[in-house]
Amino acid sequence: MSSQNPDFSRRRLLQGSGAAVAAAFGGPIAALATRVAEASVAPSCQAATASALIDSPYGPTAPVADLTTGLELIELPPGFSYKSYGWTGDTMSDGLVTPGAHDGMGVVVSRRVGRSQEIILVRNHERSTSSNAANIVGAGRNSVSKYDTGTTAGVYQIGGNTNLVWRDGNWVGSFASLGGLNRPCAGGATTWGSWLSNEEIRSNSVSTTGKRHGYIFEVPADISLRAANPEPIVAMGRMAHEASALDPETGYWYLTEDQGNANTLYRFRPHNLQGGLDSLHAGGTLQGLAVRGVANADLRMTTLCQEYICEWVDIADPDLDGATVFSSATGGNVSMSGPFRQAWANGAATFGANEGCWVANGVVYFTDKQVSTSAPGARAGRIWALHLASMTLKAIFVSNSLQVGNSPDNICISPRGGLMFCEDGGTSGPGNVPAITSQHLKVLHPNGSSYVFAKHNFNFTSAQLTAVGKSGSLAGDRRNTEWAGCVFSPDGRVLFVNLYTPGITLAITGPWERGTL
């Protein structure tokens with residue numbers, strides 16, 4: 001296929017059945033913002049030592065056949081179905097091959113196109129490095145922006161993003177949108193039709209093209225109208241980024257960092273609060289979370305519903321190099337990013353390993369996915385809620401057992417107000433009896449308990465996969481690999497989510513009204 005045809009095909013794809021598309025994607029996803037703001041998402045926490053696992057109001061899960069391939073990729077409750085798309089190795093609409101390591105994902109546009117309802121998502125591919133430049137996302141295509149095409153320590157950075165199109169209940173296309181990143185893990189949707197793609201790497205290294213990594217980048221919905229800006233948003237910090245979540249009421253962003261035992265919740269206050277593509281490049285102020293009156297509070301251990309009054313401390317240089325620094329929380333030296341070094345020096349709190357983040361109705365929800373049986377105590381993950389009006393931080397989910405919650409990673413809140421989290425754990429940790437055989441999508445009940453909504457069920461041979469047109473190289477038992485990128489459609493009818501390994505995107509539908517989602 002020629003280098004011109006993919007762009008033409010993508011424009012036709014986004015136009016859909018001959019209907020014209022508006023020349024810009026500047027409008028916010030108003031329906032989703034309104035529905036989530038109106039939903040009651042703040043759990044009525046019931047104090048206890050830790051959370052418990054309860055029965056699902058949706059009923060028990062069982063293997064369900066994919067409507068696309070016929071394979072039983074996951075387990076779901078009665079009445080739910082799903083369609084898979086964008087498998088690792090599949091050819092995309094632009095003629096490129098779908099990269100693997102499907103991670104964070106968000107809905108960036110939801111709109112009417114003629115008589116059709118269309119949703120555009122942006123998906124992260126958390127790939128790190130390769131000795132082969134051909135593995136860079138979008139390699140050979142000038143239409144796909146690349147941040148770094150040089151090498152660091154002899155290898156190329158091959159992570160990036162792809163965009164997906166869902167129309168009238170069906171998958172209709174995908175295309176590459178940004179390459180040359182290192183481990184773009186999660187991110188967050190803007191209200192102006194784009195996605196923030198966040199690199200999860202704490203490094204001081206410089207590539208042969210003079211580029212560093214550990215930044216945030218912006219990816220628009222349609223690169224045939226506007227290519228992704230390949231320059232990083234430096235003011236949002238250089239660190240092992242995870243999620244970014246926008247508070248539409250203030251225009252402030254909340255960021256998480258996955259740097260073990262040396263991270264906090266961050267707030268970014270942009271200079272340009274009007275938003276729009278490239279607006280974040282105008283800079284802003286980065287801050288870290290601190291517990292009022294308690295310098296360097298260690299928040300790795302907590303009980304359910306425990307509360308803290310917090311405040312923000314400034315970070316002068318968001319691009320400062322990381323270093324190994326003594327931490328009173330661990331009693332030893334730990335690797336700190338440049339932003340956390342400064343926040344820590346100003347009294348910021350520390351968590352185990354922060355991951356997912358979401359803002360709704362004046363509350364910032366974020367996860368600490370750390371699993372440990374060593375000091376300061378056994379833990380398997382937490383979910384926090386920071387109420388912005390009062391600056392009260394509350395532990396709304398406390399897992400001290402892999403059965404209750406096994407390393408909660410990405411999170412989302414449904415338009416009806418339910419909180420879902422993706423498990424990213426293993427088989428070793430506290431409370432692993434009975435044995436952990438798969439990773440789950442779990443839901444936070446309003447009382448602070450959790451319940452299982454779905455289970456990973458990918459366990460297929462090469463012959464089974466090739467029979468349905470998929471790469472046999474994806475074969476194997478992947479049930480104990482992570483879920484990622486959960487996000488609902490604005491009307492709440494579809495849950496989009498990724499199986500990180502082997503790399504598949506799913507669209508799940510069913511009787512959501514039967515439970516809390």
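Start by selecting Gly-347, which comes after helix α3 and has a positive phi, near 100 degrees. Keep in mind as you look around that this is a predicted model.

Now step back along the chain and select α3 itself, residues 338-345. Is this helix mostly covered or uncovered? It is mostly covered, with 6 of its 8 residues buried. To see them, show the side chains of Phe-340, Gln-342, Ala-343 and Trp-344, and add Gly-338 and Pro-339 to complete the buried set.

Next, colour the strands that these buried residues pack against: β16 (252-257), β17 (266-270), β18 (284-291), β19 (307-315), β20 (323-327) and β21 (332-336). Then zoom in on the N-terminal end of α3, where Ser-337 acts as the cap. Its side-chain oxygen sits 3.2 Å from the backbone nitrogen of Phe-340, one of the buried residues you have just displayed.

For the next stop, select Glu-218, Val-219, Pro-220, Arg-226, Ala-227, Ala-228, Asn-229, Leu-277 and Asp-278, which line the largest cavity. Its volume is about 40 Å³, and the structure holds 1 cavity of 30 Å³ or more. Colour the lining by class and you will find 5 nonpolar, 1 polar and 3 charged residues.

Finally, zoom out to the whole protein, with its 4 helices and 34 strands. The C-alpha atoms fill a box of roughly 60 × 50 × 45 Å along the principal axes. The radius of gyration is 21 Å, which agrees with the value near 24 Å for a compact globule of 517 residues. Colour by burial, and 61% of the residues will show as buried. Of the contacts between residues at least 6 apart in sequence, 62% join residues at least 24 apart.

Note on methods. Residues are numbered from 1 along each chain as its sequence is written. This is a predicted model: local features need pLDDT of at least 70, side-chain atom pairs count only at pLDDT 80 or more; totals for chains, interfaces and linings use all residues. Side-chain values use heavy atoms; hydrogens and water are left out. Buried means under 20% relative accessible area, exposed over 50%, partly exposed in between (1.4 Å probe, protein chains only). Helices (H or I, at least four residues) and strands (E, at least two) are DSSP runs, numbered from the N terminus. Contact means heavy atoms within 4.5 Å. A polar contact is a pair of N or O atoms within 3.5 Å; within protein, one must be able to donate a hydrogen and the other to accept it, and residues adjacent in sequence count only if both atoms are side-chain atoms. On a 1 Å grid over the protein atoms alone, a cavity is a set of points where a 1.4 Å probe fits but cannot get out, and a pocket is an open set with protein on both sides within 12 Å along at least five of seven lines; lining residues have an atom within 4 Å of a point. Grid points are joined across faces, edges and corners, and a volume is the space filled by probe spheres set on the points. Ala, Val, Leu, Ile, Met, Phe, Trp, Tyr, Cys and Pro count as nonpolar, Asp, Glu, Lys and Arg as charged, and the others, Gly among them, as polar. The radius of gyration is taken over C-alpha atoms; the globule rule is 2.2 Å times the number of residues to the power 0.38.
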